[in-house]
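Dear colleague,

Please find below the structure that I am handing over to you, together with its sequence. My notes on what was found follow directly after it.

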Amino acid sequence: MSVRDINQLREQIVVYGKSLFDRGLTMGSSGNISVRLDDGGWLMTPTSACLGRLDPARITCMDREGRVLDGDKPTKESFLHMAMYGERPQSEAIVHLHSTHSVAVSCLPEIDPHDCIPPLTAYYVMRVGRLPLVPYHVPGDPSLGDAVKGLAGKHSAVLLANHGPVVAGKSLEAAVYATEELEETAKLFLLLRGQNPRCLTGEQVAELEARFPRD
């Protein structure tokens, strides 16, 4: 991949990061974004960086071994991204946020840990699918990467208990859109609690999964 192509990806990360921040899907220095490069390396947002004020020149560029080639030190949650990429060779980008409604769902004691949010809408099924819950770990605990790795092969998105979602996609755009869809569906789920909502049937879910594969 040429330097020009890498710089274009850096600019895309800046644009999407600012969009997520400006709309309140992440706050402060929380959240991180990564993109897989053609040579097996990665671009990753730096540690303690605000997604709303990213500097493209400071976005971390790493080789396939995880060595920093350019930019600042990567996010301290880089191991989450590595765990997902290791199980999902088809995924080209990952977004991890502490988005309010998704985190709220992750704190509920009664949710199904194998599928945290029911299939309320077709677009949720198409962009996210089944969403398993990863048990709580202290932020930065490397064992959290192992827990994510155990689920990433079968799921393009996971929800970290009392923490937030980690979402992979076939492109940066796809990963961002899936993250946004997850947050909006989490909001719907919370609004509909206690209302016995009509969910999509198993047959309807199967039809969507067959017609609209995520990656």
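How many salt bridges does the count come to? The count comes to ten. Please bear in mind throughout that this is a predicted model. Three of the salt bridges are described here, followed by the pocket, the cavity, a surface patch and some individual residues.

**Salt bridges**

The salt bridge between Arg-10 and Asp-70 has its closest N and O atoms 3.5 Å apart. This pair links distant parts of the chain, as Arg-10 belongs to helix H1 (residues 3-22) and Asp-70 to strand S4, with their positions 60 residues apart in sequence. Is Arg-10 buried or exposed? Arg-10 is buried, because its relative accessible area of 6% falls under the 20% limit. Its partner Asp-70 has a relative accessibility of 40% and therefore counts as partly exposed.

Glu-181 and Arg-127 also meet through their side chains in a salt bridge, at 3.2 Å from N to O. Because Glu-181 sits in helix H6 and Arg-127 in helix H4, the pair ties together parts that lie 54 residues apart in sequence. Glu-181 counts as buried, at 16% relative accessibility, whereas Arg-127 is partly exposed, with a relative accessible area of 34%.

In the salt bridge between the side chains of Asp-63 and Arg-67, the N to O distance is 2.9 Å. Here Asp-63 counts as buried, at 14% relative accessibility, and Arg-67 counts as exposed, at 53%.

**The largest pocket**

Arg-127 appears again in the largest pocket, where it is among the residues that lie nearest the centre. The others named there are Met-126, Lys-170, Ala-174 and Arg-214. The lining is made up of 14 residues, and the volume of the pocket is about 270 Å³.

Which elements each supply at least two residues of this lining? They are helix H4 (122-127), strand S8 (164-169) and helix H6 (172-191). H6 gives the most, with four residues. By class, the lining of the largest pocket holds eight nonpolar, two polar and four charged residues.

**The cavity**

The structure holds one cavity of 30 Å³ or more, and the volume of the largest cavity is about 30 Å³. Which residues line the largest cavity? The lining consists of Pro-135, Tyr-136, His-137, Leu-144, Leu-160, Ala-161 and His-163. Five of these lining residues are nonpolar, two are polar and none is charged.

**A nonpolar surface patch**

Leu-188, Leu-191 and Leu-192 make a nonpolar surface patch of about 260 Å². Leu-188 has its place in helix H6, the helix that also gives four residues to the lining of the largest pocket. With a relative accessibility of 36%, Leu-188 counts as partly exposed; this value is consistent with patch membership because patches are made of residues with over 30% relative accessible area.

**Residues with a positive phi**

Most residues other than glycine have a negative phi. Against that background, two residues may be of interest when you check the backbone.

Ser-48 is not a glycine, yet its phi is positive, at about 60°. Ser-48 is found in the loop between strand S2 (42-44) and S3, and it is exposed, with a relative accessible area of 57%.

Asn-196, likewise not a glycine, has a positive phi of about 50°. Its location is the loop between H6 and helix H7 (202-211). Is Asn-196 buried or exposed? Asn-196 counts as exposed because its relative accessibility is 70%, and the limit for that class is over 50%.

**A further loop residue**

Where does Glu-65 lie? Glu-65 lies in the loop between strand S3 (60-62) and strand S4 (68-70). Glu-65 is exposed, with a relative accessible area of 55%. Glu-65 and Leu-151 are 86 residues apart in sequence, and their C-alpha atoms are 23 Å apart in space.

With kind regards

Conventions. Residues are numbered from 1 along each chain as its sequence is written. This is a predicted model: local features need pLDDT of at least 70, side-chain atom pairs count only at pLDDT 80 or more; totals for chains, interfaces and linings use all residues. Side-chain values use heavy atoms; hydrogens and water are left out. On a 1 Å grid over the protein atoms alone, a cavity is a set of points where a 1.4 Å probe fits but cannot get out, and a pocket is an open set with protein on both sides within 12 Å along at least five of seven lines; lining residues have an atom within 4 Å of a point. Grid points are joined across faces, edges and corners, and a volume is the space filled by probe spheres set on the points. Ala, Val, Leu, Ile, Met, Phe, Trp, Tyr, Cys and Pro count as nonpolar, Asp, Glu, Lys and Arg as charged, and the others, Gly among them, as polar. Patches are made of residues with over 30% relative accessible area and no salt bridge: like charges are joined within 9 Å, nonpolar side chains (Val, Leu, Ile, Met, Phe, Trp, Tyr) within 5 Å. Accessible areas come from the Shrake-Rupley method with a 1.4 Å probe; for residues, only the protein chains shown count as cover. A salt bridge is a side-chain nitrogen of Lys or Arg within 4 Å of a carboxyl oxygen of Asp or Glu. Buried means under 20% relative accessible area, exposed over 50%, partly exposed in between (1.4 Å probe, protein chains only).
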